[in-house]
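Trainee: Please pick one part of this model and take me through it closely. Start with a single residue, then show me what surrounds it.

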Amino acid sequence: MVLLLATLRVLLGGFFVLTGAAKLSEQISAPVSEQMKALFVQFAEVFPLKVFGYQPDPMSYQATVGWLELLAGLLLVLGSPILQEISNLLLTLLMIGAIFTLVSLNESLSTYIPAVVCLSLLILLDTCQFAAQTQDGPDPQGGRLQLRSRNPESRRALSFGTMPLSQQEHSGAHRLYHPVIRTPRAIQC
C-alpha cells in the first residue's frame with residue numbers, strides 16, 4: 001500500500017510539474033504555449049472572483065497557475081508529509097477551479113476528463129494517506145492512544161497513559177505521529 005501511494009504521489013507530482021512548466025515556458029512546446037495563451041484569455045473572462053469586480057490579466061493568471069502547479073507538484077513528490085498534504089490541498093483546489101471554469105465556459109464533457117481524473121486521484125491519495133496514518137487510533141474502550149508495534153516479533157498493542165512507564169513491559173524508542181501535523185516524534189517507553 002505504501003509503495004502504491006508513493007507511486008501515485010510521484011506520478012501526480014510529475015504530471016503537475018510538467019503541466020506547470022508548459023504553462024510557464026514557450027521552450028517546452030511552442031504550439032501548446034500558444035494554445036494555453038488563448039485558453040487563459042477565455043479562463044480570465046469566467047474567473048470566479050469576477051463577481052466581486054476582480055478579473056486577472058490572462059498572462060499573469062497563466063503564470064500564477066503554472067507556478068502553483070510546478071511548485072505544488074515538486075512538493076507533492078519531494079516535500080515533507082505536511083508539505084505534501086498542503087500541496088495536495090492546493091492542487092485539489094486548482095482542479096476544482098479548473099472544473100468550475102470548464103463548466104462556466106460550457107465546454108464539452110471530453111475536456112473535463114483530465115481535471116476530473118486528476119481531482120479524483122488527488123482525493124484518493126489524500127484519503128489513503130489519511131487512512132494509513134490513522135490506522136492506530138483511539139482505544140474504543142478507554143479513548144487511549146493505541147499503537148501497534150511494527151516489529152514482527154512483538155505484535156502486541158501498546159497503550160500509553162494507562163500505567164506508569166516503569167510498569168510497561170516494552171522499552172525502546174517508538175514513533176508516534178502528531179495528530180495534527182502527522183510527523184513522526186520519537187518517544188522513550
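## A buried charge and its helix

Mentor: Glu69 has a relative accessibility of just 5%, so it counts as buried. The cut-off for buried is under 20%. Keep in mind that this is a predicted model.

Who is the partner of Glu69? The side chain of Glu69 meets that of Lys23 in a salt bridge, at 2.9 Å from N to O. The two residues are 46 places apart, and the pair links distant parts of the chain. Lys23 belongs to helix H1, residues 2-24, while Glu69 belongs to helix H3. Is Lys23 buried or exposed? Its relative accessible area is 13%, so Lys23 is buried as well. Both ends of this bridge therefore fall under the 20% cut-off.

How many salt bridges does the structure hold? There are two. The other one joins the side chains of Glu34 and Lys37, at 3.7 Å from N to O. These two residues are three places apart in helix H2, residues 30-45, so about one helical turn separates them. Glu34 is partly exposed, at 46% relative accessibility. Lys37 is partly exposed too, at 23%. Set the two pairs side by side. One links H1 with H3, and the other sits within H2.

Now stay with H3, the helix of Glu69. H3 covers residues 58-78. Pro58 lies in this helix. Leaving out residues up to four places away in sequence, Pro58 touches Phe40, Val41 and Ala44. The C-alpha atoms of Pro58 and Glu45 are 8.6 Å apart, with their positions 13 residues apart along the chain.

H3 also helps to make a nonpolar patch on the surface. The patch is about 500 Å² and is made by Leu24, Trp67, Leu71, Leu74 and Leu78. H3 gives the most to it, with four residues. One patch member in H3 is Leu71. Its relative accessible area is 46%, so Leu71 is partly exposed.

Compare that with a general trend. In soluble globular proteins, nonpolar side chains tend to be buried together. Where does this model show such a group? Its largest nonpolar core has 25 residues. Leu12, Phe16, Tyr61, Leu91, Met95 and Leu122 touch the most other members. The elements that give two or more residues to the core are H1, H2, H3, helix H4 (81-104) and helix H5 (113-133). H5 supplies the largest share, six residues.

Take Leu12 from that list. Apart from residues up to four places away in sequence, Leu12 touches Leu76, Leu121, Leu122 and Leu125. Leu122 turns up again beside Thr92, a residue of helix H4. Beyond its neighbours within four places in sequence, Thr92 is in contact with Leu119 and Leu122. Thr92 is buried, given its relative accessible area of 14%.

Follow the chain out of H4 and you reach the loop between H4 and H5, where Asn106 lies. Most residues other than glycine have a negative phi. What is the phi of Asn106? It is positive, about 55°, although Asn106 is not a glycine. Asn106 is exposed, since its relative accessibility is 67%.

Step back to the whole chain. It has five helices and four strands. Along the sequence the order is α-α-α-α-α-β-β-β-β. Of its 189 residues, 34% are buried. The chain exposes about 11900 Å², with 66% of that supplied by carbon and sulfur atoms. Among contacts with a separation of 6 or more, 46% are between residues 24 or more positions apart.

How much confidence does the predictor give? The mean pLDDT is 77, and 71% of residues reach 70 or more. Two stretches need care. Residues 141-149 stay under 50, and the model has 31 contacts for them beyond four places in sequence. Residues 185-189 are also below 50, with 20 contacts beyond near neighbours in sequence.

Now return to the start. Glu69 and Lys23 form a salt bridge. Glu69 is buried at 5%, and Lys23 is buried at 13%. On the surface, H3 gives four residues to the nonpolar patch. H3 is also among the helices that give two or more residues to the largest nonpolar core.

Definitions and conventions
Residues are numbered from 1 along each chain as its sequence is written. This is a predicted model: local features need pLDDT of at least 70, side-chain atom pairs count only at pLDDT 80 or more; totals for chains, interfaces and linings use all residues. Side-chain values use heavy atoms; hydrogens and water are left out. Patches are made of residues with over 30% relative accessible area and no salt bridge: like charges are joined within 9 Å, nonpolar side chains (Val, Leu, Ile, Met, Phe, Trp, Tyr) within 5 Å. Accessible areas come from the Shrake-Rupley method with a 1.4 Å probe; for residues, only the protein chains shown count as cover. A salt bridge is a side-chain nitrogen of Lys or Arg within 4 Å of a carboxyl oxygen of Asp or Glu. Buried means under 20% relative accessible area, exposed over 50%, partly exposed in between (1.4 Å probe, protein chains only). A nonpolar core is a set of buried Ala, Val, Leu, Ile, Met, Phe, Trp, Tyr and Cys residues joined through side-chain atoms within 4.5 Å. Contact means heavy atoms within 4.5 Å. pLDDT is the predictor's confidence in each residue, from 0 to 100.
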